[in-house]
Amino acid sequence: MLGFGTFTQSTQRKSEMGYDVPEGVDIRGRYDPEFAKILTKDALQFVTELQREFKNHIKYAMECRKEAKMRYNNGGLPGFDPATMYIREGDWICAPVPPSVADRRVEITGPVERKMIINALNSGAKVFMADFEDALSPSWENLMRGQVNLRDAVNGTISFHDQARNRVYKLNDRTAKLFVRPRGWHLPEAHIYIDGEPATGCLVDFGLYFFHNYAAFRRNQGEGFGPFFYLPKMEHSREARIWNNVFERAEKLAGIERGSIRATVLIETLPAVFQMDEILYELRDHSVGLNCGRWDYIFSYVKTFQAHPDRLLPDRVQVGMTQHFMKSYSDLLIRTCHRRGVHAMGGMAAQIPIRDDPAANDAALELVRRDKLREVKAGHDGTWAAHPGLISACMEVFTNYMGNSPNQIETMKREDAAVLTEEDLLQRPRGVRTMEGLRLNTRVGIQYLAAWLTGSGSVPLYNLMEDAATAEISRVQNWQWLKYGVELNGDGLGVKVNHELFGRVVEDEMARIEREVGKEKFKKGMYREACKIFTRQCTATTLDDFLTLDAYNNIVIHHPKGASRL
Ligand SMILES: CC(=O)SCCNC(=O)CCNC(=O)[C@H](O)C(C)(C)COP(=O)(O)OP(=O)(O)OC[C@H]1O[C@@H](n2cnc3c(N)ncnc32)[C@H](O)[C@@H]1OP(=O)(O)O
Ligand SMILES: O=CC(=O)O
Ligand SMILES: [Mg+2]
């Protein structure tokens, strides 16, 4: 076995914060003895090797995103690439699905928070997707504690004492299989500098998790395979190729078989729907399918068409999976995955249990059931749930339909979806725009951002799950409506969105938030800061690529010198 012991020896140094670091590495995050067990010199050396090997490829891929954006901003539309037709038409399949994850009918997701990890692993779901991404505010504390928690979870030793309730949480005998979702390619990790630059966030998430857990994971969870990952927000197969190369590098350094690591790619950007075969092809030895990341996909529709005033979205609540462009995306994803022998995973219904209102709770559960029934009938092999209280309902729907078969890969080929065209995938969403839509976007966007700035990346708001992806829709929709001065055509009053109207809406909604959360919480929280960031982004001349890129500067805390900007 090659193993990690064969790293080229580097001079050992102490960072200013007291961590033992290899040459070229500087840790600017707070020192904590628990974090130091994650940020070992060897683990950092592994991350550093990945960073050095892949940083130029990542930079190039990000430049290509910019070029594509310019094309779309000049009137171009995303579409299938004629140059890779041979891949789409070719007769290849992905490596066989590992037996330990053949059945993924219900997957729970959640941030890498200690109690939630235990609850999710015990929830009865087949898979738990532990999230460093949409559901996590990537503060140093959250990221490093997340790594500590995942290490303990993979070792099977994780526990949590809820002192207020005097309740101890431990793992059951049977637990969900663990997938980990690192951040997207675009996010830096500003607390770890490598060769004078912030490290790439996802290489830190992946590298530290892989380094500490691959052996125990393969023994305890993966039946010889693993670790397993979800890969977010890619726009092109060249980005999947980088991940494939990262996996091969990691496998080689760890001395494990090529194809051990497996990943499900979220198809959650509009350009990526035209690259599904190509993405699977790049990852064909490391793939376990694709997933419909519906919320980021809607966000990406607006972002991709930011310069196309003929493609404005109706109210956020009206853009569901039954819109033609969304249904087409799900159908084509199923056909593509099953043709290549891997899972076609469904997505997240935003409803969560409503504790204090049984009728509203029943209605929410019914919406979730309907969404899952649509997915399983279409041919999806599994779905996502945001909350343990939804697992049994989702499980029942999938099991009623699939019976004992672990998945529908062989039985639901969906050849009918082969006829779907670029027009189907881009069709304009139908519906109307209302003042309440504008108000809700604003109220939700500000509250979400206030939570994110104080460390919570997923929150319940108005009985729905909100995370970075759903908040992005609120932001870019407001931006789009303001930019094009749209008429709120669902109210019948002929009101047009402009800066003055938006200013009044922001004021009203801040007052409403203060009433709803109470003066004390409002004062202590970060609502004003959130309002400033959200308002700036909604009114910017040029659309920011990501809400969280700008907001990230507010949660970077460099030690020992205090807060710092990138
Ligand atoms: C677009 C996308 O990317 S979707 C994927 C990313 N988003 C997510 O993963 C969201 C995951 N879900 C959540 O974070 C939460 O369910 C929320 C924020 C939506 C709601 O949270 P809360 O209102 O705190 O939930 P609630 O109070 O009902 O929780 C009840 C119990 O369920 C647990 N719980 C709730 N959601 C989860 C979860 N996803 N995983 C594990 N446990 C959970 C809570 O820890 C709590 O446990 P306890 O009774 O032992 O204390
Ligand atoms: O990550 C999932 C999404 O819907 O976005
Ligand atoms: Mg997403």
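Which backbone N or O atom lies 3.1 Å from an oxygen atom of ligand 2? That atom belongs to R294. The model here is predicted, so to speak on paper: local features need pLDDT of at least 70, side-chain atom pairs count only at pLDDT 80 or more, and totals for chains, interfaces and linings use all residues. Residues are numbered from 1 along each chain as its sequence is written, chains are lettered from A and ligands numbered from 1 in the order in which they are written, and side-chain values use heavy atoms, with hydrogens and water left out.R294 has company around ligand 2: the surrounding residues (those with a heavy atom within 4 Å) include D134, R181, E268, W295 and D296. Polar contacts (pairs of N or O atoms within 3.5 Å) also come from D134, with a polar side-chain atom 3.0 Å from a ligand 2 oxygen, and from D296, with a backbone N or O atom at 2.9 Å from one. The protein covers 97% of the 190 Å² of accessible area that ligand 2 has on its own (Shrake-Rupley method, 1.4 Å probe).

D134 and D296 turn up again at the magnesium ion (ligand 3), where the protein donors are D134 (OD), E268 (OE) and D296 (OD), 2.0 to 2.1 Å away. Donors are N, O and S atoms within 2.8 Å of the metal (3.2 Å for Na, K and Ca), and sites may look incomplete without water. D134 sits in the loop between strand 5 (127-131) and helix 5 (140-155), and E268 in the loop between strand 12 (262-267) and helix 8 (276-282), so this pair ties together parts 134 residues apart in sequence. Helices (H or I, at least four residues) and strands (E, at least two) are DSSP runs, numbered from the N terminus.

Notes
Polar contact = N/O pair within 3.5 Å; in protein donor to acceptor, adjacent residues only side chain to side chain.
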